[in-house]
Amino acid sequence: MTPTREHWTSKLGFVSAAAGSAVGLGNIWRFPYVTGENGGAAFLLIYLAIVFSIGLSVLIAELIIGRSAQLNPAGAFKKLAGGAWPAVGYMGVITAFLILSFYCVIAGWTLAYMVKSVTGSVLLNDAAQGGATFSAFISNPVEPVVYTAIFIALSILVVLGGVANGIERASRYLMPALFVILLVLLARSITLEGAYAGLVFFLQPDFSKVTWGTLLAALGQAFFSLSLGMGTMITYGSYLQRRQSIGGSAVAVATLDTLVAVLAGLVILPAVFAFGAAPSAGPGLTFITLPSVFAQMPVGAFFAVLFFFLLAIAALTSVVSLLEVVIAYFIDETGGSRTKVAALVGALVFLIAVPSSLSLGVWSEYTIAGKGFFDALDFLTNNITMPLGGLLVALFAGWVLRREALLELAEGSSMNRTVIGAWYVIIRFLAPVAIAVILVSGLV
Ligand code: PHE
């Protein structure tokens with residue numbers, strides 16, 4: 001046990017760090033496309049409703065659990081309830097580790113593409129050629145692994161600084177930088193000729209596309225984007241002092257996260273449509289379509305470097321928060337020094353990221369349940385362990401902590417009683433039921 005736990009130095013510091021965790025690859029490469037595909041503004045409305053009801057409520061529940069226990073997720077459940085509950089914490093620690101193994105690989109690609117945009121080697125006019133270049137890069141057994149190692153090393157440097165001097169300080173510089181870059185890119189994108197078609201794709205409400213599946217897509221996106229269901233927000237909550245309030249900060253984090261996602265959509269889709277390209281999901285959009293768009297844009301190399309720098313920043317503060325879950329666990333449970341634990345965790349994450357990267361190339365014939373290592377981990381975490389973790393957090397806060405959770409939420413806060421009451425109803429009834437539905441339908 002650590003004798004003195006480090007804490008965030010201010011509300012702004014905590015909000016920056018938590019928003020840094022939430023804002024990541026999920027906002028920039030996934031959200032814009034998913035919105036366009038699922039009915040534009042119709043999806044956006046549903047997403048907003050879910051983020052500010054279920055998402056925000058689970059976020060608050062995780063912060064309550066962390067702040068009251070002042071421990072990592074496994075330690076927190078052990079201290080607050082015991083029984084089988086610590087299993088939820090262990091699942092979180094393991095999930096963090098598994099997400100890291102593929103998230104760091106993609107993060108490494110963003111660094112690589114930043115460098116390659118400077119030299120121009122990835123800025124090819126022809127998207128087909130861009131696709132071939134991308135495939136050749138990610139299936140190379142050495143190069144992406146090197147970039148992944150660099151990315152992990154950078155993230156470890158941040159966590160080595162500790163909670164206040166490392167994570168909080170880095171987030172306080174990086175988050176504003178991220179906003180400035182987004183606004184510069186936004187100005188460029190929406191003034192391109194033909195940008196309007198992208199705005200239409202992104203925002204035109206099409207309620208005919210709204211199905212049961214749309215709701216599930218929105219819920220899954222909300223969970224991943226807000227970093228819920230795997231202990232990150234419990235860990236960050238454990239660095240809050242009791243007098244640091246939870247409600248207002250949680251609203252700020254959810255709002256910033258959503259704002260970045262929407263801005264990312266307003267940057268990416270108009271640019272894609274202005275150059276007559278078709279939007280595709282995730283890696284294809286980010287690493288193939290967009291580079292070809294940049295190649296056709298005046299001073300495109302400049303905007304390309306800026307864009308990949310933006311992605312790298314977003315990924316860095318998210319990776320840091322994932323690392324911190326595992327690191328907090330080992331520091332709390334073994335009493336080891338941050339330096340030693342961080343070095344060890346960094347090495348372990350690298351070891352598991354290597355097969356993740358190689359599964360896209362030389363090891364692609366090894367599969368787990370018909371999926372490559374990379375896809376299998378992505379599927380397992382996104383579709384199983386995160387929703388399950390969120391469901392259990394809601395049940396824990398609403399049915400085990402019950403009144404204690406309400407008192408915790410009121411502690412140090414000026415929230416009015418109606419809002420606190422609404423939270424309680426959502427966390428007890430709406431959130432568990434809705435998440436259970438996602439989980440089951442996701443598996444069936
Ligand atoms: N929220 C991050 C994103 O949108 C991903 C993440 C998930 C980070 C879970 C931490 C924990 O990219």
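**Serine 189**

I looked up serine 189 first. Serine 189 sits in helix H8, which covers residues 162-190. I am working from a predicted model.

Is serine 189 buried or exposed? Its relative accessible area is 3%. Buried means under 20%, so I log serine 189 as buried.

Next I checked the polar side-chain atom of serine 189. What lies 2.5 Å from it? I found the backbone oxygen of valine 267 there.

Then I listed the contacts of serine 189, leaving aside neighbours within four places in sequence. They are Ala195, Leu266, Val267, Pro270 and Ala271. Val267 is thus in the contact list, and its backbone oxygen is the partner in the 2.5 Å pair. I also placed Leu266 and Val267 by helix: helix H12 runs over 247-274.

**Serine 245**

I turned to a second serine. Serine 245 is in the loop between helix H11 (232-237) and helix H12 (247-274).

Serine 245 has 17% relative accessibility. The cut-off for buried is under 20%, so serine 245 counts as buried despite its loop position.

Which residues does serine 245 touch, not counting those up to four places away in sequence? I noted Lys11, Arg67, Glu411, Gly412 and Ser413.

**Leucine 160 and the surface patch**

I moved on to the surface. Leucine 160 is found in helix H7, residues 143-160. Its relative accessibility is 34%. Partly exposed runs between 20% and 50%, so leucine 160 goes down as partly exposed.

Leucine 160 belongs to a nonpolar surface patch. The other members are Val142, Val146, Ile150, Leu154 and Leu157. Together the patch residues have about 500 Å² of accessible area.

**Whole protein**

I closed with the overall figures. How many helices and strands are there? I count 18 helices and 2 strands. The radius of gyration is 21 Å, close to the 22 Å that the globule rule gives for 444 residues, so the protein is as compact as a globular protein of that length. The C-alpha trace spans about 60 × 50 × 45 Å along its principal axes.

Buried residues make up 59% of the 444. The accessible surface comes to about 16,500 Å². Carbon and sulfur atoms hold 69% of that surface.

Last, I checked contacts with a sequence separation of 6 or more. Of these, 83% join residues 24 or more positions apart.

How values were computed:
Residues are numbered from 1 along each chain as its sequence is written. This is a predicted model: local features need pLDDT of at least 70, side-chain atom pairs count only at pLDDT 80 or more; totals for chains, interfaces and linings use all residues. Side-chain values use heavy atoms; hydrogens and water are left out. Helices (H or I, at least four residues) and strands (E, at least two) are DSSP runs, numbered from the N terminus. Buried means under 20% relative accessible area, exposed over 50%, partly exposed in between (1.4 Å probe, protein chains only). A polar contact is a pair of N or O atoms within 3.5 Å; within protein, one must be able to donate a hydrogen and the other to accept it, and residues adjacent in sequence count only if both atoms are side-chain atoms. Contact means heavy atoms within 4.5 Å. Patches are made of residues with over 30% relative accessible area and no salt bridge: like charges are joined within 9 Å, nonpolar side chains (Val, Leu, Ile, Met, Phe, Trp, Tyr) within 5 Å. Accessible areas come from the Shrake-Rupley method with a 1.4 Å probe; for residues, only the protein chains shown count as cover. A salt bridge is a side-chain nitrogen of Lys or Arg within 4 Å of a carboxyl oxygen of Asp or Glu. The radius of gyration is taken over C-alpha atoms; the globule rule is 2.2 Å times the number of residues to the power 0.38.
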